[in-house]
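Biologist: Could you pick one small spot in this model and take a close look at it for me? I'd love to hear how its surroundings fit together from there.

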Amino acid sequence: MRTLRTVSEMRAALATHRRAGRSIGLVPTMGALHEGHLSLMRRAREQCDQVIVSLFVNPAQFNDQADLDGYPRDEGADAALAAATGVDLMFAPAPAEIYPPGFATKVSVAGITDRLEGAHRGGAHFDGVTTVVAKLLNIVGPDVAYFGQKDAQQAAVIRQLARDLDIPVRIETCPTVRDPDGLALSSRNTRLSPDERTRAAALHRALTAIQQAVEDGVRDPAAARALARAQLTAARIEPEYLELVSTDTFTPVRRIDGCVLAVIAARVGTTRLIDNQPLSTARASPCARHPASPDAGGSSHPAAAGSANGGKDKHATDNA
Ligand code: AMP
């Protein structure tokens, strides 16, 4: 595996592959790689001829300077993990390569970014995400880009971005990878004290309580949320938000029916964690394209699933 630092090196390295018609998969990350990231790389390895991982702690998407300063970084370990997972190229640019002096453009998706993460982290967060992802998609020109269901709203925003700007990429969402006690893997988990780490598993218990309630026939969001709240209270966790939202719009649903996502954000100590659980109601689901369970996968385009080449001329059209 080679590590490249500049846009021109990246373009040059991919030119031959592109000319030869080889499919290219991109996994954008901020590093501090864990099994969640590696699952995306494995999916890309299965589907694409060339697998690119980007490693860039994007200053533009941090609303909290302390969070940016303390973000875990270990490029050596990341490179070893990516290489062992079969990645071909790692793109690890310096901030000035992505945001050179005079950089003045912002890519902004409206609507879906107003809520949840956008509301709590501020509008600049998603603008930072969409600007850097638009750049990465332009630099690499992948057939498929891989994102985690763990950041469901982010994946939905990226789908909207690709659709609105006619970026010829298939956006694939991969299931959330969890520790045995259910805590979703996150680079930020390393910041939890042992006590906080134990308590953090309550986020997943809260989501599981909602899922169980739905399986038992509960359709009232308030009733489902009350069950989740009880799990959080027992672990002394006050959520920033705990909502049942439409997977299309990320607005709260009045009744649990159809495509619904339970979403949660909470600080455990000083560490901010997010998680979500797609909920399936019994009726035949038009949400088949949304990963209703960790095993269900999350291909955005059934027509192109399993075939990276099929993605090149298709635009992402759904929100996960
Ligand atoms: P990050 O480095 O946190 O920006 O994450 C890079 C990508 O990995 C994003 O698409 C995340 O949604 C995805 N990701 C992070 N954690 C997990 C996880 N536990 N399971 C699956 N994907 C994840």
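Modeller: Gladly! Let's start with V263, whose bridge partner in β9 is N276. Before we go on, please keep in mind that this is a predicted model, in which local features need pLDDT of at least 70 and side-chain atom pairs count only at pLDDT 80 or more, while totals for chains, interfaces and linings use all residues. Residues are numbered from 1 along each chain as its sequence is written.

Strand β8 (residues 260-268) is joined to β9 by nine bridges, and the two run antiparallel. These strands belong to an open sheet of three, ordered β7-β8-β9, with antiparallel pairing (strands pair if DSSP finds at least two bridges between them). At its edges are β7 (239-246) and β9 (271-279), each pairing on one side only. From one strand to the next, the twist averages 10°. Helices and strands here are DSSP runs numbered from the N terminus, helices being H or I of at least four residues and strands E of at least two.

Helix α9 (residues 194-215) lies across β7, β8 and β9, and runs at about 20° to β9. Such angles run from 0 to 180 degrees between N-to-C directions, with axes fitted to C-alpha atoms, for helices over the stretch in contact; contact puts C-beta atoms, placed from the backbone, within 7 Å.

β8 and β9 also help to cover another helix, α8: the cover over its buried residues includes α6 (117-121), α7 (123-140), β5, β6 (170-174), β8 and β9. Of the 13 residues in α8, 11 are buried, meaning that 20 or more other C-beta atoms lie within 10 Å of a residue's own (12 or fewer is exposed, in between partly exposed; C-beta atoms are placed from the backbone). Among them are A152, V157, I158, R159 and L161. The length of α8 (residues 152-164) fits too, because 13 residues at 1.5 Å each should span 18 Å, and its end C-alpha atoms are 18 Å apart (the expected span is 1.5 Å times one less than the number of residues). After α8 comes D166, with a positive phi near 55°.

Two of the elements covering α8, β5 and β6, lead us to another sheet. That open sheet has six strands in the order β1-β4-β3-β2-β5-β6, paired in parallel. Its edge strands, each pairing on one side only, are β1 (2-4) and β6. Direction ignored, neighbouring strands are turned by 25° against each other on average. Six bridges join β2 (residues 24-29) to β3 (residues 50-55), which run parallel, and G25 stands opposite V51 in β3. Helix α2 packs on this sheet, touching β2, β3, β5 and β6, with its direction at about 155° to that of β5. Helix α4 (residues 75-84) packs on the sheet as well, touching β1, β3 and β4 (89-91), at about 165° to the direction of β3.

This brings us to the ligand, which 17 residues surround, the closest being G36, F147, G148, D151 and L185 (near means a C-beta atom, placed from the backbone, within 6 Å). α2 (35-47) and β5 (144-148) are the elements that give two or more residues to this shell, and α2 gives the most, with four.

Stepping back, the protein has 10 helices and nine strands, and 44% of its 320 residues are buried.
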